[in-house]
Amino acid sequence: MLILEESCTDLSGSLVVYAPVDLPAINIAMSGEDPSYIPVLPSGFTISPDGRSDNSDSSASSSSNLQGATFLSSK
């Protein structure tokens, strides 16, 4: 199993997204075959400023964290 990860940081905050993928599926995708059947279930979190500021210390700031996950279920 391989964990694919992507991260990004800019003025609006930081974002980390990751997804487990089977190694045989990665090999199929890298060999040029059709990767549309490969299940990618992303999870991740974001850290963003909450808009509040502390006027007593200009270097201090607060942030909020939101975490998300994708689940696969079958009947």
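Student: Why is proline 24 called exposed?

Tutor: Proline 24 has a relative accessible area of 57%. The cut-offs are under 20% for buried, over 50% for exposed and partly exposed in between, with a 1.4 Å probe and protein chains only. Proline 24 is therefore exposed, because 57% is over 50%. This is a predicted model, in which local features need pLDDT of at least 70, side-chain atom pairs count only at pLDDT 80 or more, and totals for chains, interfaces and linings use all residues. Residues are numbered from 1 along each chain as its sequence is written, and side-chain values use heavy atoms, with hydrogens and water left out.

Student: Where is proline 24 found?

Tutor: Proline 24 is in helix H1, residues 23-30. Helices (H or I, at least four residues) and strands (E, at least two) are DSSP runs, numbered from the N terminus. The chain has 1 helix and 4 strands, in the pattern β-β-α-β-β along the sequence.

Student: Why is leucine 2 called partly exposed?

Tutor: Its relative accessible area is 34%. Leucine 2 is partly exposed because that value lies between 20% and 50%. Leucine 2 belongs to strand E1.

Student: What makes Leu2, Leu4 and Leu23 a patch?

Tutor: Patches are made of residues with over 30% relative accessible area and no salt bridge (a side-chain nitrogen of Lys or Arg within 4 Å of a carboxyl oxygen of Asp or Glu). Like charges are joined within 9 Å, and nonpolar side chains (Val, Leu, Ile, Met, Phe, Trp, Tyr) within 5 Å. Leu2, Leu4 and Leu23 form a nonpolar patch on the surface, with about 240 Å² of accessible area together (Shrake-Rupley method, 1.4 Å probe; for residues, only the protein chains shown count as cover).

Student: How do you know that E1 and E2 pair?

Tutor: Two strands pair if DSSP finds at least two bridges between them. Strand E1 (residues 2-10) and strand E2 (residues 13-21) have 9 bridges, in the antiparallel sense. A hairpin of 2 residues joins E1 to E2, and threonine 9 stands opposite serine 14 in E2.

Student: Why is serine 43 called buried?

Tutor: Serine 43, in strand E3 (residues 43-53), has a relative accessible area of 17%. Serine 43 is buried because 17% is under 20%. Buried residues make up 12% of the 75 residues in the chain.

Student: Which residues is serine 43 in contact with, leaving aside neighbours within four places in sequence?

Tutor: Contact means heavy atoms within 4.5 Å. Serine 43 is in contact with Val16, Val17, Tyr18, Gly68, Ala69 and Thr70.
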